[in-house]
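Open the model in your viewer and keep the selection tool at hand. The stops below are meant to be taken in order.

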Amino acid sequence: MTATSTLTLGGLLAALIVLTCNLYPWWTSGREFKQLASFGKGFGGAACAAACPGGILGWAHSRSGSLGNSAGEAAGQGLTGARVGSGLTSGQLTGLTATGAVVVVVAVTLVALSYKAAGKKEKRRIVGGAFVGAVLLLTAGVAGALSWLPGALNGVGDGIVSVVQGAGLL
């Protein structure tokens, strides 16, 4: 199976199932935002990876679409008998520069360290957030809503370089 940047209704279904499984316990148990922290870490890491035009992070982002499409299409057709393979309008984040790439790698590293230190339940939430983020960022709507992200990552990277150069460290 090859990676894809096109999401189907089945892929969307898979992401919505995982999102529901994470939001339902939060919604029914007091709605404290700290309960969504692990899910948010995964989502944030996936959003950073979605800004990558290639490399391992870019490949993992596009691969999530293939996995989501396969799982969601099997679930949708198996549960309802209806085919859910129709493609959705695709979107992507563009414009990451070298300084933004440094910030992405650090952000994804922090998510990986959080995953390593987390308990079993929290690890599943981090992975769930990463899957949902990666899959939803293949859609035009979510990618459009987060189109500011590559510019923000680039700005943070440029700021770090300016501070380091200003301090005479480079």
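The tour goes through a set of helices, their contacts and a few single residues. Keep in mind throughout that this is a predicted model.

**Stop 1: helix 2**

Select residues 37-50, which make up helix 2. This helix has 14 residues, and from first C-alpha to last it reaches 20 Å, close to the 20 Å expected at 1.5 Å a residue. Now colour its buried residues: Ser38, Phe39, Gly42, Gly45, Ala46, Ala47, Cys48, Ala49 and Ala50. Show the neighbouring helices as well, since the buried residues of helix 2 pack against helix 1, helix 3, helix 4, helix 5 and helix 7.

Before leaving, step back to arginine 31, in the loop between helix 1 and helix 2. Its phi is positive, about 55 degrees, although the residue is not a glycine. Is arginine 31 buried or partly exposed? Its relative accessible area is 41%, so arginine 31 is partly exposed; the partly exposed class lies between the 20% and 50% limits.

**Stop 2: helix 3**

Next select residues 55-80, helix 3. How far apart are the end C-alpha atoms of helix 3? They are 37 Å apart, which agrees with the 38 Å that its 26 residues should span at 1.5 Å a residue. Colour the buried positions: Gly58, His61, Ser62, Arg63, Ser64, Gly65, Ser66, Gly68, Asn69, Gly72 and Gly76. The cover over the buried residues of helix 3 includes helix 1 (9-28), helix 2 and helix 5.

Just past the end of this helix, click on glycine 81, where phi is positive at about 85 degrees.

Two residues within helix 3 are worth selecting singly.

- Histidine 61 is found in helix 3. This histidine is buried because its relative accessible area, 8%, falls under the 20% limit. Leaving aside neighbours within four places in sequence, histidine 61 is in contact with Ala49, Ala50, Ala134, Leu137 and Leu138. Draw a C-alpha to C-alpha distance from histidine 61 to alanine 130: the two are 69 residues apart in sequence and 9.2 Å apart in space.
- Serine 62 also lies in helix 3. With 15% relative accessibility, serine 62 counts as buried. Draw another line, from the C-alpha of serine 62 to that of leucine 113: they are 51 residues apart along the chain and separated by 23 Å.

**Stop 3: helix 5 and its crossing with helix 3**

Keep helix 3 displayed and add residues 120-136, helix 5. Helix 5 has 17 residues and reaches 24 Å from its first C-alpha to its last, close to the 24 Å expected at 1.5 Å a residue. Its buried residues are Ile126, Gly128, Gly129, Val132, Gly133, Ala134, Val135 and Leu136. Among the elements covering them are helix 1, helix 2, helix 3, helix 4 and helix 6 (140-145).

Now turn the view to look at the pair. Helix 3 and helix 5 pack at an angle of about 95 degrees, with their axes 8 Å apart. That angle makes helix 3 roughly perpendicular to helix 5, as it lies in the 65 to 115 degree range. Which residues meet here? From helix 3 select His61, Ser64 and Gly68; from helix 5 select Phe131, Ala134 and Val135. By class, this contact has 3 nonpolar, 3 polar and no charged residues.

**Stop 4: helix 4 against helix 7**

Hide the previous pair, then select residues 98-117 for helix 4 and residues 149-166 for helix 7. The axes of these two helices come within 7 Å and cross at roughly 95 degrees. Helix 4 is therefore roughly perpendicular to helix 7. On the helix 4 side pick Thr99, Gly100, Val103 and Val104; they meet Leu153, Asn154, Val156, Gly157, Asp158, Ile160 and Val161 in helix 7. Sorted by class, the contact has 6 nonpolar, 4 polar and 1 charged residues.

**Stop 5: threonine 99**

Finish by zooming in on threonine 99, in helix 4. At a relative accessible area of 19%, threonine 99 is buried, the limit being under 20%. Apart from neighbours within four places in sequence, threonine 99 is in contact with Leu153, Asn154, Gly157, Asp158 and Val161. Show the side chains of threonine 99 and aspartate 158: a polar contact of 2.6 Å joins them.

Technical notes
Residues are numbered from 1 along each chain as its sequence is written. This is a predicted model: local features need pLDDT of at least 70, side-chain atom pairs count only at pLDDT 80 or more; totals for chains, interfaces and linings use all residues. Side-chain values use heavy atoms; hydrogens and water are left out. Axes are lines fitted to C-alpha atoms, for helices over the stretch in contact, and angles run from 0 to 180 degrees between N-to-C directions. Helices (H or I, at least four residues) and strands (E, at least two) are DSSP runs, numbered from the N terminus. Angles under 35 degrees count as roughly parallel, over 145 as roughly antiparallel, 65 to 115 as roughly perpendicular and the rest as oblique. Contact means heavy atoms within 4.5 Å. Ala, Val, Leu, Ile, Met, Phe, Trp, Tyr, Cys and Pro count as nonpolar, Asp, Glu, Lys and Arg as charged, and the others, Gly among them, as polar. Buried means under 20% relative accessible area, exposed over 50%, partly exposed in between (1.4 Å probe, protein chains only). A polar contact is a pair of N or O atoms within 3.5 Å; within protein, one must be able to donate a hydrogen and the other to accept it, and residues adjacent in sequence count only if both atoms are side-chain atoms. The expected span of a helix is 1.5 Å times one less than its number of residues.
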